[in-house]
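Me: Hey, can you walk me through this one? I've got a few quick questions.

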Amino acid sequence: MKNIYCSLFGHDYKVSKNVTYHVKEYKCKNCKTEMTIDGDGKFIPLTPKFKEINRVLNRVHNKRLEKGQKLFMLDL
């Protein structure tokens, strides 16, 4: 029944995870379909391959933010 709603009215995607400032993961509120943004900025289905890519990207992004904070604290 939920897929019929999305077929008629379209998906209602909400951000489920912020990977970086530009890359996010989305989930449909009704049918639970997951989507993400690829390297070209296109909206694509969230496959296991892209889940792993997003996980690594998030880890690298967080390390860079953490490194920037440490450098900022050393300057004070």
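Me: How much of the chain counts as buried?
Reply: Of its 76 residues, 24% count as buried. Keep in mind that this is a predicted model.

Me: OK, and what about the accessible surface, how big is that?
Reply: The accessible surface of the chain is about 6,100 Å². Carbon and sulfur atoms account for 58% of that area.

Me: Which residues make the nonpolar surface patch?
Reply: Ile 4, Tyr 5, Leu 8 and Phe 9 make it, and the patch covers about 480 Å². Ile 4 sits in helix α1, which spans residues 2–9.

Me: Why does Ile 4 count as partly exposed?
Reply: Because its relative accessibility is 49%, and partly exposed ends at 50%, above which a residue counts as exposed.

Me: Switching topic: what order do the elements come in?
Reply: From the N terminus it goes α-β-β-β-β-α. That's 2 helices and 4 strands.

Me: How do β2 and β3 run?
Reply: Antiparallel, with 3 bridges joining β2 (residues 24–28) to β3 (residues 34–37). Glu 25 stands opposite Thr 36 in β3.

Me: What's up with Lys 32 in that hairpin?
Reply: Lys 32 takes a positive phi near 65°, in a hairpin with 5 residues between the strands β2 and β3.

Me: And which strand does β3 join with 3 bridges after that?
Reply: Strand β4 (residues 43–45), and the two run antiparallel. Met 35 has Pro 45 in β4 as its bridge partner. The hairpin of β3 and β4 has 5 residues between the strands, and Gly 41 there takes a positive phi near 85°.

Note on methods:
Residues are numbered from 1 along each chain as its sequence is written. This is a predicted model: local features need pLDDT of at least 70, side-chain atom pairs count only at pLDDT 80 or more; totals for chains, interfaces and linings use all residues. Side-chain values use heavy atoms; hydrogens and water are left out. Patches are made of residues with over 30% relative accessible area and no salt bridge: like charges are joined within 9 Å, nonpolar side chains (Val, Leu, Ile, Met, Phe, Trp, Tyr) within 5 Å. Accessible areas come from the Shrake-Rupley method with a 1.4 Å probe; for residues, only the protein chains shown count as cover. A salt bridge is a side-chain nitrogen of Lys or Arg within 4 Å of a carboxyl oxygen of Asp or Glu. Buried means under 20% relative accessible area, exposed over 50%, partly exposed in between (1.4 Å probe, protein chains only). Two strands pair if DSSP finds at least two bridges between them.
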